[in-house]
Amino acid sequence: MAESPLVFIVDDDPINNFICEKMILRAWQSAQVSSFTNPIQALEKLQAVTAADAFPSYLFLDINMPEMDGWEFLATYEQIPDTLRHGCAIYILSSTIDPADIDRANHYHLVSGFVSKPLTEDKIAALHIPDCA
Amino acid sequence: MKPALWISLLYLVFGSVWIIFSDQLLALLAPEQRSLPQTLKGLFYVVLTALLLWGLVNAFWRHIRQQEAYFRLLFAENPLAMWVCEVGALQIRDVNQAACRLWQRSPTELQGRLWSDILPAPQALLFQQWRDQGFPGEGLHFSLNQGEVLRHLFMAHQPMPQSLGRQQASHLFIVQDLTERVEAQRRQDTLTQELLAQNADLMAFTSLISHLLRVPAANIEGLLVLYGQASESERQHIIDHLHTSSQDLEVAIQQLNHIVTARQGVQMPLEQVDLAALFAEVQGMLAEPMAALRPSIQLDFQVPHVVTLRASLRTIFYQLFSNALRFRSPERTLSLAVTSQSTPEGVRLSFRDNGLGLDLTRYGEQLFLPYKRFHPLNYGKGLGLYLVASLCRCLGIQLSVDSQPDQGAVFSLLLPDLPIQSPHEASPVTEKVSE
């Protein structure tokens, strides 16, 4: 894992983002956390990155968001060149109990896994650590 | 004269003549062969066989008559409408009782008439086309208005060749009334659609529960975990967030209760609701934002009262009013106009605001789905319009929206005319309406 992993949280719920930031900083003290309540702003930020080492290592993505849901986000995210995003592990972070959503997350080729809210230190510790560029 | 008698008499005459003249001819040709006993024997034979013939024909004719009476009964008393027409102009020759009931005419009014004179114009044209094609297929489906009833009918055709008892060929038409079957199929299709819609609603509702309840519950869980190791300054933040999440949970439970109650079609009596008083009550519930925003409100209740479930209509008023306040335009003072008008279909309630409006070309199909929001404002759970639509569906109210971005919105509710019910007459209003 990078010394100071860059972590993006994309969720319209500011309370969840607060929880995620605190939990991530407890698990990875040197992490840099950016949270976005608007997925479109998050995409614009990602699309503006020009170097792979400036791309986040982790992205926690909610499913149910206004304007754009998690799946629509991923469809647009996939258009970012793979050379930039290949080191980023995306986790769907959701409160959904819909088996279809959970299954879709576990089998989506861009998604590394499904994490049920709330994000905790134990769940962070169990995350797959991607190979960094 | 009965056929058996004249057939046997004819045979007797011709047979006797033959015997007598044949014997005379034989006597001329061979006088020595002339014999009176021979002639008498021949005549006796003819008489015997004439009697036998009479008996056989009589029996056979009686059997034919019985068959004729039997088939006549089948025709006359058949529950299917039947009539016989002559070839060519299709002049009606014979009708049964069911046909008289179907066409609502007496036998004398139908017999002798041309078939084309009986059918109304649209059906007559359809029938003519069928006839010109030579009566193809198994028959002809058509509909007929009889008073307030629309009958669905199926007409079959059977050619009847000329035969004994019928001087010429004719056409037999049989009509089956499929109205009950069509109505039953329609009811079944409606029920199937309702079940499919309810199933889809149930799936959406499951998703709704997971989000509405689990989101605040998950937040509370996460905040409590953080609280244990939080600094003093962080703890206050956490407590504030716990406050918000518990309120979200409370609101979520209330909204779910509304939705569940509306979907079950609660057994409550319909009552006459004073619209002005109801709106004033909702304004009181929103007193705080009203005082802050000071919107301009115009009320025009040309129809002052409606018959419906008061609590549900209050929730609808509240949601629409609340949405108008929430999604006001920052560029102008909020203006809200609420009117009621009488129409042939019922009472039309309109909520018009001058707020942010909606992009119906983009969101039109999602407008009344749960957890859908249409503005980049992080506020609410996207359930207000879903709740309004659910309640309208259960109250038999037709809901429609007209809006454009930044042009405000007009929510229109068409309330059916319903009778006031006493408590013991209370029944759920669960008529499905389109949205």
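Biologist: Across the interface of chain A and chain B, how many residue pairs are in polar contact?
Modeller: The model is predicted. A pair enters this count when both of its residues have pLDDT 80 or more. Across the interface of chain A and chain B, the number of residue pairs in polar contact is 5.

Biologist: Which helix gives the largest share of the side of chain A that touches chain B?
Modeller: The largest share of that side amounts to 8 residues. They come from residues 14-27 of chain A, which make up helix α1.

Biologist: By class, how many charged residues has the side of chain A that touches chain B?
Modeller: Sorted by class, this side of chain A has 9 nonpolar and 6 polar residues. The charged residues on the side of chain A that touches chain B number 7.

Biologist: Which residue of chain B forms a salt bridge with Lys22(A)?
Modeller: The rule finds 1 salt bridge across the interface of chain A and chain B. For Lys22(A) and its partner, the closest N and O atoms are 3.0 Å apart. The cut-off for a salt bridge is 4 Å, and the partner of Lys22(A) is Glu234(B).

Biologist: What area is buried between chain A and chain B?
Modeller: The contact takes 22 residues from chain A and 27 residues from chain B. Carbon and sulfur atoms give 56% of the buried area. Between chain A and chain B, that area is about 2,200 Å².

Biologist: In chain A, which residues lose the most area to chain B?
Modeller: Together, the residues in question give 27% of what the side of chain A buries. They are Ile15(A), Arg26(A) and Glu67(A).

Biologist: In the open antiparallel sheet of 5 strands in chain B, what is the order of the strands?
Modeller: Strand β1 (residues 81-86) and strand β5 (residues 170-177) of chain B run antiparallel and are joined by 6 bridges. Strand β4 (residues 149-160) of chain B also pairs with β5(B) in the antiparallel sense, over 8 bridges. The order in chain B is β2-β1-β5-β4-β3.

Biologist: Why is one side of β2 and of β3 of chain B left without a neighbour in the sheet?
Modeller: Strands of a sheet pair through backbone hydrogen bonds. In chain B, β2 (92-95) and β3 stand at the edges of the sheet, so one side of each has no neighbour because each has a single partner strand.

Biologist: In β5(B), which residue is the bridge partner of Met160(B)?
Modeller: Gln158(B) has Leu172(B) as its bridge partner in β5(B). Glu86(B) has Ser170(B) as its bridge partner in β5(B). The bridge partner of Met160(B) in β5(B) is Ser170(B).

Biologist: Which residue forms a salt bridge with Arg186(B)?
Modeller: Over all chains, the rule counts 11 salt bridges. In this one, the closest N and O atoms are 2.8 Å apart. Both residues lie in helix α7 (residues 179-228) of chain B, 3 residues apart, about one turn of the helix. The partner of Arg186(B) is Glu183(B).

Biologist: Which strands are the edge strands of the sheet with the order β7-β9-β10-β12-β11 in chain B?
Modeller: This is an open sheet of 5 strands with mixed pairing. An edge strand here pairs on one side only. In chain B, the edge strands are β7 (296-301) and β11 (398-403).

Biologist: Which residue of β9(B) stands opposite Gln298(B)?
Modeller: β7(B) and strand β9 (residues 335-343) of chain B run parallel, and 6 bridges join them. Opposite Gln298(B), in β9(B), stands Ala337(B).

Biologist: At what angle to β10(B) does helix α11 of chain B run?
Modeller: Helix α11 (residues 310-326) of chain B lies across β7, β9, β10 (346-353) and β12 (409-415) of that chain. The angle between α11 and β10(B) is about 25 degrees.

Biologist: Which two residues does a cis peptide bond join?
Modeller: Most peptide bonds are trans. Here omega is about 0 degrees. Pro118(A) has its place in the loop between β5 (111-116) and α6 (121-125) of chain A. The cis peptide bond joins Lys117(A) and Pro118(A).

Biologist: What phi has Phe135(B)?
Modeller: Most residues other than glycine have a negative phi. Phe135(B) lies in the loop between α6 (121-132) and β3 (140-146) of chain B. Although Phe135(B) is not a glycine, its phi is positive, at about 55 degrees.

Note on methods:
Residues are numbered from 1 along each chain as its sequence is written. Chains are lettered from A and ligands numbered from 1 in the order in which they are written. This is a predicted model: local features need pLDDT of at least 70, side-chain atom pairs count only at pLDDT 80 or more; totals for chains, interfaces and linings use all residues. Side-chain values use heavy atoms; hydrogens and water are left out. Contact means heavy atoms within 4.5 Å. Buried area is the accessible area (1.4 Å probe) that two parts lose on being put together, summed over both. A salt bridge is a side-chain nitrogen of Lys or Arg within 4 Å of a carboxyl oxygen of Asp or Glu. A polar contact is a pair of N or O atoms within 3.5 Å; within protein, one must be able to donate a hydrogen and the other to accept it, and residues adjacent in sequence count only if both atoms are side-chain atoms. Helices (H or I, at least four residues) and strands (E, at least two) are DSSP runs, numbered from the N terminus. Ala, Val, Leu, Ile, Met, Phe, Trp, Tyr, Cys and Pro count as nonpolar, Asp, Glu, Lys and Arg as charged, and the others, Gly among them, as polar. Two strands pair if DSSP finds at least two bridges between them. Axes are lines fitted to C-alpha atoms, for helices over the stretch in contact, and angles run from 0 to 180 degrees between N-to-C directions.
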